Amino acid sequence: MDLSRQEQETLDGEEGEAAAKAMAILQAVGNIYGADKLIPVTSAQVAGVSYKTIGDAGLEFLEDFASKGAKATIPAYLNPAGMDLKDWKRMGVPKKFAEKQLQIMSSYTKIGISPTCTCAPYHIGIRPALGEHVAWSESNAISFANSMLGARTNRESAVSALASAIIGKTPNFGLHLEENRKAGFIVAVTARMEKMTDFGALGAIVGKIARDRNPAFIGIPRTKATEERMKSLGAAMAATGSVALYFAKDITPEWNVEKGTPIETIEVSQDIVDEQKAVMQTEKGAVGLVAIGCPHCSIGEIREIAKKLESRPAGKSLAMKLWVCTSRKTKDEADKLGLSKIIEKAGGLVVADTCMVVAPLEEMGFKSTAVNSGKAATYLPSLCGQRVKFADIEELLN
Ligand code: F3S
């Protein structure tokens, strides 16, 4: 990959050790993937925040990087941490974990990454425009940015997104190039797609068969395709596979299906979706935790939960723990609107900055968790040792 004179000077250390390291990371990534040059990006979204996922090695790397003067030069945002940064005690997070998590946050703050701590930045107004190049690293956020917004990002790693935050650029390859933003197969959906779990299950099915191809959906009814449901579809495809871009007829801003080129079509019926839902159930009995908000809840989803809890029979409170996971910004809004209070009165908790997958569930003693998310249902057994119940909000709250 060619570097400009200024980029070469950065690599040679003229802007300090941390910037040189960041440039070396981007150069290595660019060389591996055959990029021709670096291109500017308008924002970076940095994963690798939870102490559970990055551990002591990650913490040491960040502390070292911060001490060497690493500084973000473009707007940069953080993915969820391992706990609610303000209310971790109420969540039941062990003190030792919390201390390490706060150290991680302090390094990111020194580097100048905004502590948004959300995997759904698009719900809090961070929405790159059609054709805008960004460097994001959380898989559902990547999918949403590419597909629902028509922005352009590769599946950055935590480290390459951090390097982009510092340099303000990314290697020009993959989904930054028009030629790679074409549909690789059609998914003809005949399932009814009436529920959130239909979208999660459809995503889990398509992710498994997509390989390196971009799926193009036909048949998803426009009226059923809310942003929340489409984020669930994208999140599940990115969890069971590595889908970073999809198209959906009359829904996504891009529809790059080449006319006249034969392309494989697979049909997904309601029976197939229902079968997938059954596969995702590994817990038939009671669960220890009901966790909603993967990806992080929008204010609309929190309103829906509060409304359902408000209409419960008088005097009835929740029989088990409920977490409603969201960003700090959305939680603040829910607090102002009185929604958090309704949820807490019923016995639940609106949990900011974290989620059921990156929080230390096992350490906290949970063995089985109920979710309405295809992505969480995919990750909870392998990453958190949980048995899973997969159902829609209504059923989970009942
Ligand atoms: Fe977000 Fe956690 Fe799900 S980071 S996409 S809520 S696994």
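How many of the 10 residues of helix H6 (residues 139-148) are buried? The model in which this helix sits is predicted, so that local features are described only where pLDDT is at least 70 and side-chain atom pairs count only at pLDDT 80 or more, while totals for chains, interfaces and linings use all residues. Residues are numbered from 1 along each chain as its sequence is written, and side-chain values use heavy atoms, with hydrogens and water left out.

In helix H6, 10 of the 10 residues are buried, so the helix is largely enclosed by the rest of the structure. Here buried means under 20% relative accessible area, exposed means over 50%, and partly exposed lies in between, with a 1.4 Å probe and protein chains only; helices (H or I, at least four residues) and strands (E, at least two) are DSSP runs, numbered from the N terminus. Among the buried residues of H6 are Asn140, Ile142, Phe144 and Met148. The cover over the buried residues of this helix includes strand S2 (44-46) and strand S4 (135-136), together with helix H9 (227-240) and helix H14 (374-384), where contact means heavy atoms within 4.5 Å. After H6 comes Gly150, which has a positive phi, near 75°.

From this helix we can turn to the overall division of the protein chain, which consists of domain 1 (5-176), domain 2 (182-279) and domain 3 (289-397), with bounds that come from an automatic or database domain assignment. The centres of domain 1 and domain 3, taken over C-alpha atoms, are separated by 26 Å, and the contact takes 27 residues from domain 1 and 28 residues from domain 3. Between them these two domains bury about 2100 Å², of which 56% is on carbon and sulfur atoms; buried area is the accessible area (1.4 Å probe) that two parts lose on being put together, summed over both. Of the area that domain 1 buries against domain 3, Lys52, Met91 and Ile124 supply 28%, which is more than any other three residues. The two domains also have 3 salt bridges between them.

The ligand belongs to this part of the picture as well, because domain 1 and domain 3 both give residues to the shell around the ligand, so it lies between them. The residues around the ligand include Cys119, Glu138, Asn140, Cys294, Cys355 and Lys375, a residue being near a molecule if one of its heavy atoms lies within 4 Å of it. By class, this shell holds 6 nonpolar, 2 polar and 2 charged residues, where Ala, Val, Leu, Ile, Met, Phe, Trp, Tyr, Cys and Pro count as nonpolar, Asp, Glu, Lys and Arg as charged, and the others, Gly among them, as polar.

Side chains of opposite charge can pair when their charged atoms come close. With a salt bridge taken as a side-chain nitrogen of Lys or Arg within 4 Å of a carboxyl oxygen of Asp or Glu, the count comes to 23 salt bridges. One of them joins the side chains of Asp84 and Arg328 at 2.7 Å, N to O. In another, the side chains of Glu178 and Arg152 meet at 2.6 Å, N to O; Glu178 lies in the loop between strand S5 (169-171) and strand S6 (183-189) and Arg152 in the loop between H6 and helix H7 (158-167), so the pair ties together parts that are 26 residues apart in sequence. Of these partners, Glu178 is partly exposed, with a relative accessible area of 40%, whereas Arg152, at 11% relative accessibility, counts as buried. A further salt bridge brings together the side chains of Lys308 and Glu394 (3.8 Å, N to O), and this pair links distant parts of the chain, with Lys308 in helix H11 (residues 299-310) and Glu394 in helix H15 (residues 393-397), 86 residues apart.

Two further buried residues can be followed through their contacts. Ala204, in helix H8 (residues 196-210), counts as buried at 0% relative accessibility, and Ala204 touches Ala236, Thr240, Gln276 and Met280, not counting residues up to four places away in sequence. Ser368, found in strand S13 (residues 368-371), is buried with a relative accessible area of 5%, and its contacts, with residues up to four places away in sequence again not counted, include Glu283, Leu289 and Arg387.
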